[in-house]
Amino acid sequence: VPKVIFHAKVSDGKNPVAQKRVVYDLVTINKGSAYNPITGFFTAPFSGIYQFTYSLLAQMTAERTAVYLMRNEENQSYLHSILKSGQAQSTSMSTILSLYKDDQVWLRLGTGSAWSGLGALNFQGVLLEVEED
């Protein structure tokens, strides 16, 4: 299996807001160079089975926050946080997807706002198995 592995996080102070793509601009690992920290898109270099993990820490002023894992323009999974103002909770989700070469995976903050301090917002992916087209 070719090495396709990435881990990125959002810089402190770049708190994402609703209806925007989340750009994870600080890359710690990017084997295979499939993740673009300028656009926030992971582009599958091979058709295959991939695992993605992402996290959410809602702002303490946001009572409803949702982040969506997207494949191209289709929602694949999401994290949702409903809290009273002044409360915070960190959540994460792991998803396994079958992708075609050049499919793009990215995250969209649908509602609310997220806090990026101390590496709270992460996005990771790894190629598990290559499939023939």
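1. Thr-65 has a relative accessibility of 0% and therefore counts as buried, the cut-off for that class being under 20%. The model is a predicted one, and this value, like those below, should be read with that in mind.

2. Thr-65 is part of strand β6, which covers residues 64–71. Residues up to four places away in sequence aside, Thr-65 touches Leu-56, Ala-58, Leu-79, His-80, Ser-81, Leu-109, Thr-111, Gly-112 and Ser-113.

3. A second threonine, Thr-95, sits in strand β8, residues 90–99. Its relative accessibility is 11%, so Thr-95 also counts as buried; the limit of under 20% applies here too.

4. On the side chain of Thr-95, there is a polar contact to the side chain of Ser-77, at 3.0 Å. Ser-77 also appears among the contacts of Thr-95 beyond four places in sequence, together with Tyr-50, Gln-51, Phe-52, Tyr-54 and Leu-69.

5. Phe-46 belongs to the loop between β4 (42–43) and β5 (48–57). With 31% relative accessibility, Phe-46 is classed as partly exposed, because that class lies between the 20% limit for buried and the 50% limit for exposed.

6. On the surface, Phe-46 forms a nonpolar patch with Val-1 and Val-130. Together, these three residues have about 250 Å² of accessible area. Patch members need over 30% relative accessible area, and the value for Phe-46 is 31%.

Terms used. Residues are numbered from 1 along each chain as its sequence is written. This is a predicted model: local features need pLDDT of at least 70, side-chain atom pairs count only at pLDDT 80 or more; totals for chains, interfaces and linings use all residues. Side-chain values use heavy atoms; hydrogens and water are left out. Helices (H or I, at least four residues) and strands (E, at least two) are DSSP runs, numbered from the N terminus. Buried means under 20% relative accessible area, exposed over 50%, partly exposed in between (1.4 Å probe, protein chains only). A polar contact is a pair of N or O atoms within 3.5 Å; within protein, one must be able to donate a hydrogen and the other to accept it, and residues adjacent in sequence count only if both atoms are side-chain atoms. Contact means heavy atoms within 4.5 Å. Patches are made of residues with over 30% relative accessible area and no salt bridge: like charges are joined within 9 Å, nonpolar side chains (Val, Leu, Ile, Met, Phe, Trp, Tyr) within 5 Å. Accessible areas come from the Shrake-Rupley method with a 1.4 Å probe; for residues, only the protein chains shown count as cover. A salt bridge is a side-chain nitrogen of Lys or Arg within 4 Å of a carboxyl oxygen of Asp or Glu.
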